[in-house]
Every structure is written in structure tokens, then in C-alpha cells.
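Welcome! Have a look at the protein shown here, and then let us walk through it together, from the whole fold down to a single strand and a single residue.

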Amino acid sequence: MESKRASGILLPISSLPSKYGIGCFSKSAYEFVDQLKEAGQSYWQILPLGPTSYGDSPYQSFSTFAGNPYFISLEDLIEEGVLEKEECDAVDFGSDPSCVDYGKLYTGRFSLLRKAYERSKIYENAEFIEFCRNQSWWLDDYSLFMAVKNRFDGKSWIEWAEDIRLRWGYALDYYRRELYFDIEFYKYLQFKFRKQWAKLKAYANKQGIEIIGDIPIYVAFDSADTWAHPELFQLDEKNVPKAVAGCPPDAFSATGQLWGNPLYRWDYHRMQGYDWWIKRIANCFAMYDVVRIDHFRGFDEYYSIPYGDLTAENGQWKKGPGMELFNTIKYRLGDRKIIAEDLGFMTDTVRALVKDSGYPNMKVLEFAFDSRDTGSASDYLPHNYSKNCVVYTGTHDNETLVGWYKNILPEERKMVRNYVHNQKVADKWMYKEIICLAMRSVADTCIIPIQDYFGYDNHARMNTPSTLGNNWQWRLKEGEIIPELLAEIRSYTKIYGRLANQAEKAAQ
């Protein structure tokens with residue numbers, strides 16, 4: 001990333017206000033871009049855009065290359081004439097505009113999208129035909145995967161009939177013929193997703209806003225990636241995992257975290273010149289301006305848990321590809337704007353990998369005031385930052401600032417007050433002090449979740465790791481972002497030298 005003082009806001013697409021159950025590429029997304037510009041911001045950070053699976057997490061997707069059909073704007077399809085406003089209005093997407101109801105979304109939105117496809121005569125569209133040809137290297141497998149998954153009532157591919165589970169040639173031919181229109185439907189969804197997203201991103205860039213995208217290090221086991229390319233992963237001859245990903249036990253989890261993602265066969269990737277990774281990163285930069293790579297430490301060492309274990313306690317650390325992968329990416333794709341998510345337990349070798357990559361790493365202020373740490377040596381305290389980092393008050397996995405400050409220990413609240421050097425500010429306004437602490441830090445880039453600018457408590461929390469239910473649901477309501485809030489954000493941004501184009505203006 002460029003060495004300049006700048007700031008942005010973290011807001012997932014799903015959390016945008018919209019009429020039909022979930023944030024999407026509708027008018028509200030364009031309005032948010034305008035609001036970012038008005039607030040003097042340079043970045044809009046989002047969460048992964050892939051199609052979500054069970055549990056609704058954007059970090060467990062049916063494909064690392066596909067986009068989430070939920071984000072397709074129904075309003076655009078109405079304008080196009082393939083949907084009627086009345087039939088969209090008639091669908092029950094839930095009664096709470098501040099919460100995504102994924103169950104109702106699944107049943108209601110796909111039926112509308114299917115109607116749009118059937119009315120579209122998309123097979124006559126030359127642009128669609130060209131899209132399918134250019135993207136066939138991933139689109140064909142993904143569309144077939146989703147069509148077959150529907151034929152098997154949504155079951156994981158490991159439970160499919162053996163011939164298609166193991167991709168025997170005659171089975172592939174049979175399902176391609178049998179499910180032709182279902183396959184074309186999923187290609188249509190990806191065409192519409194890419195077209196609408198490209199239009200929104202181009203608008204953001206024109207307004208001086210860059211998009212920070214987010215990719216998980218791993219793919220989901222129940223994904224087109226794993227089914228179509230088992231050779232990339234640590235699977236046995238029946239394509240059953242030998243080991244899976246996770247994190248070891250720590251102070252936050254006595255049994256560790258069992259993610260369940262398949263692990264990469266790094267030896268195979270190396271022999272292939274990391275071709276799959278090059279395609280993956282190139283695809284990301286066709287979608288985003290900056291890419292945050294989740295769980296960066298896994299490229300140094302990854303935690304391998306025996307398949308079938310119920311906890312992460314018996315896992316082992318194993319070596320990853322290290323700088324060889326990132327040197328290959330740079331050689332093949334040139335210098336790219338990448339953020340290394342290096343949160344959690346750090347080793348000297350992980351620190352060396354981050355340093356050698358040259359990528360900015362992440363700092364989270366909520367991690368800076370842990371009473372178990374002594375003294376002022378925490379990497380998350382601002383006086384220990386280098387310029388080449390991205391500071392956050394919190395991420396999508398953290399409590400909101402207000403929720404966090406309320407729930408930490410009294411001695412930790414005292415640590416915060418001492419650090420911001422303000423004993424008089426009321427607790428209810430402390431979140432603003434912490435935002436200013438991030439904004440005035442030496443970090444080149446500062447990203448604040450929109451919930452923290454509002455001063456919302458944990459009712460607006462996006463995700464609680466290692467839990468199911470009640471995650472990924474929070475949304476903004478129409479009109480919730482008001483001019484006074486944008487003026488306040490702009491004032492912080494200007495005071496601390498992060499205003500978009502501020503440095504250029506000062507030089508003129």
C-alpha cells in the first residue's frame with residue numbers, strides 16, 4: 001500500500017440498508033460511497049464476497065472465485081424488466097430491517113432470481129457468452145457443483161453418489177446434460193454479480209474510494225474448489241481429508257478452534273509454480289483495489305488437526321510455503337496492495353515473514369489493554385507502531401468498542417484512561433477517545449468499523465468466533481447515517497492528517 005496517511009470505514013455489503021432483506025449492490029451502496037467521500041475517507045473495507053454456506057459466514061464459501069448471489073440488486077433487475085416490483089414486494093424477507101434473516105432470504109431471494117433468469121433470454125446475450133468463455137476455468141466447475149448440490153438436497157459433496165463425488169467422466173457428462181438449465185442459472189447469477197459489482201467499484205474509484213477486499217487463507221471443504229481440485233488439498237484416495245485446519249488451545253479457548261477447512265498440499269502447489277494461488281490472487285485484484293489476506297501466519301506455519309478429532313487439542317504446527325509463495329506472486333503479478341492479517345500469537349518466524357513481505361500488518365486497539373500483559377511492550381499499543389501498518393479499533397470478529405469497554409476488567413479500563421490521558425471523560429464517550437487514539441497513531445492507514453463511529457453496543461456486533469447463530473446479521477437502517485455523523489468523521493480525519501487528498505492539497 002502507498003505510504004500515505006489515510007483512513008476508511010469497515011462495513012460489509014450485507015450490512016448496507018436495503019429493501020429486500022440484505023445489503024446489496026443497490027442504490028444504498030452508491031449512497032454509502034458518496035458518504036465516504038463526504039467524510040473524507042479513502043477506503044471502504046468489506047468482508048469476503050463469496051456465496052455463503054451453512055452458518056452464513058463469508059469465510060466459509062461454496063467457492064473462492066464466485067460471488068454471493070444475495071448481493072445482486074433486485075432493484076436493478078426490476079429496472080431491467082426481468083422482475084416486477086410487486087412480486088419482489090410480496091416476498092417476506094423478515095420484519096426487522098436491522099437484521100438479516102438468512103432463512104427467509106434463502107427461500108425468497110433465489111425464487112426471484114430464478115424468475116429473472118427464466119425471463120432474461122440470457123443465452124442470446126453476447127456479453128454473457130463471452131463472460132462464460134473467459135471465466136470457464138472456474139465457472140464451469142462452480143455452476144455444475146451448485147446444480148448437483150441442489151439435486152442432492154443441499155448435501156455436502158462428500159455425501160453425493162460416488163460417481164459424481166469422485167468426478168468420473170461419464171457422471172460429469174450425465175449431470176451436465178441433465179442439469180443444463182440449472183447450470184446456466186448459476187452462470188447467469190455470476191454474470192449479474194460481476195457486472196453489478198464492477199459498476200459499483202468503478203463508481204467508488206471515480207469518487208476516490210478504494211475497495212479493501214478480504215480473502216480467507218483456506219477454502220471450505222464443501223466447496224467447488226475442493227470437489228473440483230482435490231489434488232490441491234490433503235485428501236486421501238476417496239477425497240476424505242487427512243487433516244484439517246484450526247488453531248491450538250490458548251487463553252481464549254481451552255480446546256482450541258476446530259475450523260475444519262482442508263489443508264493445502266504445499267508440495268504440490270510448489271511443483272505447479274503456485275498456479276492456483278496466482279489465479280486466486282489475480283481474481284481478487286480484478287475485484288478489489290487492496291486485498292487483506294486472513295490468517296497470514298498460516299503461510300509460515302499452519303496448524304494441522306487429525307481429521308475426525310472433535311477438538312483442536314491434538315494438532316501440530318507444520319511449515320507453510322513462506323516467502324516463496326509471495327515472491328512468486330510478485331514475480332507473476334507485480335507489486336500489489338496486500339494487508340497481512342497477523343493477529344494472534346506471533347512467533348519470530350511469522351514476524352520475519354511479515355517483514356520480508358513488506359506488506360502492512362494489522363494492529364487492533366482492543367488487544368492493547370490486556371491486563372495479562374505487563375508494561376508498555378504490547379505490539380498493539382500505538383507508541384510501538386511503525387508507519388507500515390493498518391490500525392483498527394476492532395474487526396468483524398471483535399466486540400464493538402462500547403461493548404468491549406463495558407466488559408473489560410476495571411483495571412483494564414484504568415489502563416485505557418491512563419493511556420489516553422483523560423481521567424474526566426465519561427465512560428459513555430470513551431469510544432470517541434479510542435477512535436481518536438487510532439486516528440492520530442503513526443499508522444499509515446486507519447480503518448474504523450461503522451458501528452464504532454455510532455457508539456453502538458454489542459447488539460451491533462458482527463461475529464463472535466467459534467459460535468453458531470446470531471452472527472453476520474447486523475444491518476444499518478435506511479437514513480441511519482446522518483450528515484452530523486459524517487461531519488464528525490471528517491473532522492477527526494482532517495485533524496489527524498488522514499483526509500483524502502489532504503497531502504496533495506497542502507502541497508499545492
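## What counts as buried

A residue is called buried when its relative accessible area is under 20%. By that cut-off, 57% of the 508 residues in this protein are buried. Please keep in mind that this is a predicted model.

## The overall fold

Let us begin with the big picture. The protein's secondary structure consists of 20 helices and twelve strands. Its radius of gyration is 23 Å, close to the 23 Å that the globule rule gives for 508 residues, so the protein is as compact as a globular protein of that length. Along the principal axes, the C-alpha atoms fill a box of roughly 70 × 55 × 45 Å.

How much of the contact network links residues 24 or more positions apart? Among the contacts with a separation of 6 or more, such pairs account for 74%.

## Surface and charge

Turning to the outside, the accessible surface of the protein is about 22100 Å². Carbon and sulfur atoms make up 51% of that area.

The protein carries 61 positive and 70 negative charges. The mean positions of these two sets lie 4 Å apart.

## Strand β3 and its partners

Now find strand β3, which covers residues 210-215. Is β3 mostly covered or mostly open? It is mostly covered, with six of its six residues buried. Both of its faces are covered: on one side sit E210, I212 and D214, on the other I211, G213 and I215, and all of them are buried.

Which strands pair with β3? One is β2 (residues 43-45), which pairs with β3 in the parallel sense over three bridges. Here W44 has I211 of β3 as its bridge partner. Another is β6 (residues 290-293), which runs parallel to β3 and is joined to it by four bridges. In this pairing, G213 is matched with V291 of β6.

## A closer look at N239

Finally, let us visit one residue in a loop. N239 sits between α10 (224-228) and β4 (243-247), in the loop that links them. Is N239 buried or exposed? Its relative accessible area is 10%, so N239 is buried.

What does N239 touch, apart from its neighbours within four places in sequence? Its contacts are W157, I158, R165, L166, F221 and P230.

How values were computed:
Residues are numbered from 1 along each chain as its sequence is written. This is a predicted model: local features need pLDDT of at least 70, side-chain atom pairs count only at pLDDT 80 or more; totals for chains, interfaces and linings use all residues. Side-chain values use heavy atoms; hydrogens and water are left out. Helices (H or I, at least four residues) and strands (E, at least two) are DSSP runs, numbered from the N terminus. The radius of gyration is taken over C-alpha atoms; the globule rule is 2.2 Å times the number of residues to the power 0.38. Buried means under 20% relative accessible area, exposed over 50%, partly exposed in between (1.4 Å probe, protein chains only). Contact means heavy atoms within 4.5 Å. Accessible areas come from the Shrake-Rupley method with a 1.4 Å probe; for residues, only the protein chains shown count as cover. Lys and Arg count as positive and Asp and Glu as negative; His and the chain ends are not counted. The place of a charge is taken as NZ of Lys, CZ of Arg, CG of Asp or CD of Glu. Two strands pair if DSSP finds at least two bridges between them.
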